[in-house]
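Good morning. I will take a few minutes to walk through one structure, so please have the sequence and the model open.

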There are 2 protein chains.
Amino acid sequence: MRNTRTENFQYELVTTDGDARAGTLATPHGVVRTPVFMPVGTQATVKAVTPRDLQELNAQVVLANTYHLYLRPGAELIERAGGLHDFMQWRGPILTDSGGFQVFSLAARRKITDDGVWFRSHIDGSEHLFTPESVMRTEEQLGADIVMAFDECAPYPAEKEYVRAAMERTHAWAERCRAAHRHTDQALFGIVQGGVWPDLRRESALHLVGLDFPGYAIGGLSVGEEKDVMQLALEATTACLPAGKPRYMMGVGAPEDLLNGIAAGVDMFDCVLPTRNARTGALLVPTGRLNIRNAAFRDDFRPVEEGCPCYTCTTFTRAYLHHLFRAEELLVYTLTTIHNLSFLIRLVEGAREAILRGTFDEYRKAFLERYRAPDAEARAANREARHRTMSVER
Amino acid sequence: MRNTRTENFQYELVTTDGDARAGTLATPHGVVRTPVFMPVGTQATVKAVTPRDLQELNAQVVLANTYHLYLRPGAELIERAGGLHDFMQWRGPILTDSGGFQVFSLAARRKITDDGVWFRSHIDGSEHLFTPESVMRTEEQLGADIVMAFDECAPYPAEKEYVRAAMERTHAWAERCRAAHRHTDQALFGIVQGGVWPDLRRESALHLVGLDFPGYAIGGLSVGEEKDVMQLALEATTACLPAGKPRYMMGVGAPEDLLNGIAAGVDMFDCVLPTRNARTGALLVPTGRLNIRNAAFRDDFRPVEEGCPCYTCTTFTRAYLHHLFRAEELLVYTLTTIHNLSFLIRLVEGAREAILRGTFDEYRKAFLERYRAPDAEARAANREARHRTMSVER
């Protein structure tokens, strides 16, 4: 069997506080302090912000999507540009998702076989095949530091037998990805599936651990299930993962989910939520979300969040952002995105500091006491919106 | 008669080179080196860029529009925010246009009387009256350093008698603006009209000079007339303006027009062209315009303009911008706007240096020899687009 060890890639567990972990993750493009929230740059750009904005926000890792970049501009082109780092000019670590989640969310436009997935492009309807081997080749061309194995993410809700079959296919594909993986400067993560069933989650985690990946992703959560159901499935997973490898919870970015994920021992998170919400005017503050389009902010001359160090909060008022939204001015998307990313990055930085001090539980409780998450109805509407936009992001 | 002298506002003519002038213009928010190209921030934001982007580009003055800001968010609100400088956080000088051009371009939705102009908002159809006195009050609330008198800009083409009547109304309104103008930290500019007729232009310039404004704007040009016709009307105007006051040519920003305007003795320019073109993918380079959406740029890994010091050119490739345009990514509007502004600001900075060295004519000729302006057809299409967008900007 091929050697899957990866050069220039080393996770070090610095300390634990309960199940919460603080660590460092060395990559060819720098050391990441974990836990970490990673902004999503689906199409080789974090929407509406520049790489220097991201640097100023202390963003450490940026995500990109194999599915989108394979279709446009094409992985060959990005390879010719010198890889994603050169193409998008993000000098820190990059992680590419494998496209598994994206092709499955195409629903009627894809067909799954044991070999791989045939799908029709959401851009022009053209037909394509993703296999574990082709996805490894594409991720190689993109050149990220951390690459995901090709997985099958079952929908929610789904019958347990369906979820088991998808999990087993994911395991077989993980092995094929491992065999096809060649670049020692890219770390390949296996993806744990198993839906909401703790027994399937344990089985999936143990199976992948047997394949000895340099890191493990946790897929298929936060897809519509209740929060406590998600938390049980998550905890069943992390309990089976080795302490010496990083754990990455995919597509999760609501503040309460981040803190609960960290409490369960997760090290890495990504989500389109802060950037997508920003573009609709939903801004994160310690008490919840405020919708800057509301008339109440017309003459509110305070910053979005008092004490926030981001460019938006140190420079502009709520009244100005409200005006820009009403006037449909492009600048507002940049400014609101900067703030929402700042909020989540600081939340997770604060969690790391608390873990190092051994006070994470107080940190989490103090935050959750103040923060009023959107209710179930708002969350459902948000999921609806995610489907409609067809941006097929995790 | 009221004293129209303005504190903290002083134009100094440093040197001339033919009719071209290099000068300095002291304002309450800093000294402007002229000639100068001023980016347009119609709705209290230069579209898609931040104030710190503008600062990095060496933008010296930013424009805003009384018409737009009066309607949304309202001048009272901006006054409560501490004025435009505080509201939009641009710390350099600001110039507000009076809304004259905007209300006249509303065509069927406005009615002109000697008292002022009744018009219907392009936003919600509500009815409003602009008079010279009301506009002065609104510009006072906005708090710009340089404010324009309320004028009537005749359409092109128009009968000479119509243009004369509009000019005479503009003169009467200029006098009323002068009488209503109170703030000594705001410099009120009169606006020369007279269409394409050199005799009317001379008459208008001399009339306004008689009213002794601290600066003179030249309105009603570049509204569809041929380039040589515009140049004759412009030269007739500047010949009648005093050497010791700044001259501002309104709404002009094509590279060739800037250099020809400077050759005719103009000190200040503004135009939405670089920012609007940027958002359609038309990028300014020394040889003309390139449309970054063209397939030819798909794998062009050069910067937009070799040697350009802007963030876009020092960081990204044409291939990346092409990808962002195809993928409809918001970031591209920021990046292309930064480059187009950099191009025009540097063009005019270079003109100033050439004037100081006494080599402006060579500078102008060398540029025009290389630069291929879009042909008449493309200009007509651009005008068409301007009308359709109803952004009623100069």
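**How the two chains meet**

I start with the contact between the chains: 100% of the interface residues of chain B are also interface residues in chain A, so the copies meet through the same surface. Please keep in mind that this is a predicted model.

How many residues of chain B are in contact with chain A? There are 32 of them, and they face 32 residues of chain A. On the chain B side, the elements that give two or more residues are helix H3 (75–80), helix H4 (84–88), helix H13 (318–326) and helix H14 (331–357). H13(B) gives the most, with five residues. Sorted by class, the side of chain B that touches chain A has 17 nonpolar, eight polar and seven charged residues.

Next, how the copies are related. A turn of 180 degrees with a shift of 0.0 Å along the axis lays chain B on chain A, and the RMSD is 0.0 Å. That is the relation of a two-fold axis. Which residue of chain B has the C-alpha nearest the axis? That residue is Leu330(B), with its C-alpha 4.0 Å from the axis.

**The sheet of eight strands**

Now look inside chain B. Strands of a sheet pair through backbone hydrogen bonds, either parallel or antiparallel. Eight strands of chain B form an open sheet with parallel pairing, in the order E4-E14-E13-E12-E11-E10-E6-E5. Its edge strands are E4 (36–38) and E5 (62–65) of chain B, and each of these pairs on one side only. From one strand to the next, the twist averages 25 degrees.

As one example from this sheet, take strand E11 (residues 187–192) and strand E12 (residues 215–218) of chain B, which pair in the parallel sense over four bridges. Within that region, Gly190(B) stands opposite Tyr216(B) in E12(B).

**The nonpolar core**

Which residues have the most contacts inside the largest nonpolar core? They are Val62(A), Phe189(A), Val62(B) and Phe189(B), in a core of 250 residues. To see what such contacts look like, go to Val62(A): leaving out residues up to four places away in sequence, Val62(A) touches Met38(A), Pro39(A), Gly41(A), Val46(A), Leu54(A), Trp90(A), Gly92(A) and Ile94(A).

**The sheet of three strands and helix H14**

Back to chain B, for an open sheet of three strands in the order E1-E2-E3, where the pairing is antiparallel. Strand E1 (10–17) and strand E3 (30–34) of chain B are at the edges with a single partner strand each, so one side of each has no neighbour in the sheet. Neighbouring strands here are turned by 10 degrees against each other on average, direction ignored. E1(B) and strand E2 (residues 20–27) of chain B pair in the antiparallel sense over seven bridges, and Thr16(B) stands opposite Arg21(B) in E2(B).

H14(B) lies across E1, E2 and E3 of chain B and runs at about 115 degrees to E2(B). H14(B) was also among the helices on the side that touches chain A.

One residue of that helix is Phe343(B). Is Phe343(B) buried or exposed? Phe343(B) counts as buried, because it has 23 C-beta neighbours inside 10 Å, and the cut-off for buried is 20 or more. Not counting residues up to four places away in sequence, Phe343(B) touches Pro274(B), Leu284(B) and Glu305(B). Phe343(B) and Pro274(B) are 69 residues apart in sequence, while their C-alpha atoms are 8.6 Å apart in space.

That is where I stop.

Conventions
Residues numbered from 1 in each chain as written. Chains lettered and ligands numbered in written order. Predicted model: local features only at pLDDT ≥ 70, side-chain atom pairs only at ≥ 80, totals over all residues. Contact = placed C-beta atoms within 7 Å. Nonpolar A, V, L, I, M, F, W, Y, C, P; charged D, E, K, R; others polar. Least-squares fit on C-alpha atoms with pLDDT ≥ 70 in both. Pairing = 2+ DSSP bridges. Axes fitted to C-alpha atoms, helices over the stretch in contact; angles between N-to-C directions. Core = buried A, V, L, I, M, F, W, Y, C linked by C-beta atoms within 7 Å. Buried ≥ 20, exposed ≤ 12 C-beta atoms within 10 Å, placed from the backbone.
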